[in-house]
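Visitor: I would like a close look at a single part of this model, with its surroundings described in turn.

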Amino acid sequence: MHFSFSMKTSISIGRIMGIPIKLHITFLLILPVFAYFFALSTVNIMGFTLGFGDVSSSIIKYVFGALAAVMFFVCVLLHELGHSYVALRYQTKIKNITLLIFGGLASMEEIPRKPSTECSIALAGPLVSILIGLLSLMLFFFLHQTSYMLLYVKTLFGILAFYNIFLAGFNILPAFPMDGGRVLRAFLATKMGYMEATEKAAGVGKIFAIFMGILGFFLLPGGVWFILIAFIIYIGASEEEKSTIVAVTLEGVKVKDIMTADVVTVPPAMNVSELVDFMLKTKHMGYPVFDGKPLGIVTLNDVRKIPVENRSNTTVKDIMTDNIISVKPEMNAVDALKIMVKHNIGRLLVMENNLLVGIVSRTDLIRSVQILK
Ligand SMILES: [Zn+2]
């Protein structure tokens, strides 16, 4: 899978091909669960014993269980690196690869709009998984269990073969935002507009998620995994649909086209009750705090935090956010939106040659999308 939403609460473990590799907190929680599962499972599917539950020594059981869990996630990482390698070849930047509870995620700076490029990037991951699966399968068949140790290693390769092929098969299902869904969108995009293709592919993903969720209910308690993954697919499909609509609608729109140009600023020394009167008169939700140069931004939310009786002895400077981020008027509106989302702020100052020329808010951007759509 490769989604494109931002991830917090992760730790970095290094870089591969220049891409930061991160472990999400949910991954650190799930890894021992996988190790435990592989250690105790005696499930046998098509001649593959998918765990070490039959091993009598509990040390060996847990050591191999942990090894299987770690190797499985290394394979997930390789799957993501497969996507990333092809993406980099098409000059698509990868922000990072994160391992989480349900697998891996390669966050691309921008999802390529050319169908053949998106298709190649989407297929690269499952291809890597199939190759690892086949390689493990060969090792599984060629290893002869002349000793117990070799039997454990053989079981390990059986697990890797089974789950890598499963991973490839699962990801290739045409349910957006999984890899197969991207292939579907790329295919549809050759027949219709990109936005329509995204909506159709997301629709298929959502229907798939609903079916999977219902199936999960019938398979409880093990089905809880299906329900979880169904949720992730459903949310992923809607998120990606929304962000595509925004990106396509705002294509070619610059910050200067949608910013508020006649900026109303307030001085840092103004007190909060004066600010409230000023807000009532000027009817904006946020103001740059200006004293020769921009010092911060003060919004209605900042005002609300101050009790009415304290407002006359509190200044704008005391309550403003001094984390100001400015952009140039020529910047693409979509990039401005990305900055706001990344820093979790509602407004950006528009500066040119050290002069404040405008202010752009999330509301401005959302309104523009609604008008232009
Ligand atoms: Zn993938």
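Which residues are buried in α5?

Guide: This is a predicted model. In α5, the buried residues are Asp-179, Gly-180, Gly-181, Arg-182, Arg-185, Ala-186, Leu-188 and Ala-189. The helix spans residues 179-189. Because eight of its eleven residues are buried, α5 is largely enclosed by the rest of the structure. The cover over these buried residues includes α2, α3, α4 (148-171), α6 (194-218) and α7 (224-249).

Take α3 (residues 115-142) from that set: α3 and α5 pack with their axes 8 Å apart, at an angle of about 160 degrees. Angles over 145 degrees count as roughly antiparallel, and α3 and α5 are therefore roughly antiparallel to each other. The crossing in which α3 passes α5 is left-handed. On the α3 side, the residues that meet α5 are Pro-115, Glu-118, Cys-119, Ala-122, Leu-123 and Pro-126. Their counterparts in α5 are Asp-179, Arg-182, Val-183, Arg-185, Ala-186 and Ala-189.

Helix α3 also packs against α4, which is another part of the cover over α5. Here the axes of α3 and α4 lie 7 Å apart, and the angle is about 155 degrees. That makes this pair, too, roughly antiparallel. Its crossing is left-handed. From α3, the contact is made by Pro-126, Ser-129, Ile-130, Ile-132, Gly-133, Ser-136, Leu-137, Leu-139, Phe-140 and Phe-141. From α4, the residues are Lys-154, Phe-157, Gly-158, Leu-160, Ala-161, Asn-164, Ile-165, Leu-167, Ala-168 and Asn-171. Pro-126 of α3 is thus listed both in the contact with α5 and in the contact with α4.

Another helix in the cover over α5 is α2, and it leads to the nonpolar interior. Helix α2 covers residues 58-89 and gives eleven residues to the largest nonpolar core, the most of any contributor. That core has 46 residues, of which Phe-38, Phe-52, Phe-73 and Ile-97 touch the most other members. In soluble globular proteins, nonpolar side chains tend to be buried together. Beyond its neighbours within four places in sequence, Phe-73 is in contact with Phe-27, Ile-30, Leu-31, Phe-34, Leu-99 and Leu-100. A separate core of 18 residues lies apart from this one, and includes Val-334, Ala-336, Leu-348 and Val-350.

The contacts of Phe-73 point on to a sheet and the helix packed on it. The sheet is open and has four strands in the order β1-β2-β5-β6, with mixed pairing. Its edges are β1 (10-16) and β6 (103-108); each has a single partner strand, so one side of each is left without a neighbour in the sheet. On average, neighbouring strands are turned by 25 degrees against each other, direction ignored. Between β5 (residues 94-100) and β6 the pairing is antiparallel and runs over six bridges, with Thr-98 opposite Leu-105 in β6. Helix α1 (residues 25-40) packs on the sheet and touches β1, β2 (19-24) and β5. The direction of α1 makes about 60 degrees with that of β2.

One further buried residue can be added to the picture. Asp-302 sits in helix α10 (residues 300-304) and is buried, with a relative accessible area of 9%. Leaving out residues up to four places away in sequence, Asp-302 touches Ile-297, Ile-319, Met-320 and Thr-321.

How values were computed: Residues numbered from 1 in each chain as written. Predicted model: local features only at pLDDT ≥ 70, side-chain atom pairs only at ≥ 80, totals over all residues. Heavy atoms only, no water. Pairing = 2+ DSSP bridges. Helix = DSSP H or I, 4+ residues; strand = E, 2+ residues; numbered from the N terminus. Axes fitted to C-alpha atoms, helices over the stretch in contact; angles between N-to-C directions. Contact = heavy atoms within 4.5 Å. Core = buried A, V, L, I, M, F, W, Y, C linked by side-chain atoms within 4.5 Å. Buried < 20%, exposed > 50% of the residue type's maximum accessible area, 1.4 Å probe, protein only. Parallel < 35°, antiparallel > 145°, perpendicular 65-115°, else oblique. Left-handed = near helix turned anticlockwise from the far one by under 90°.
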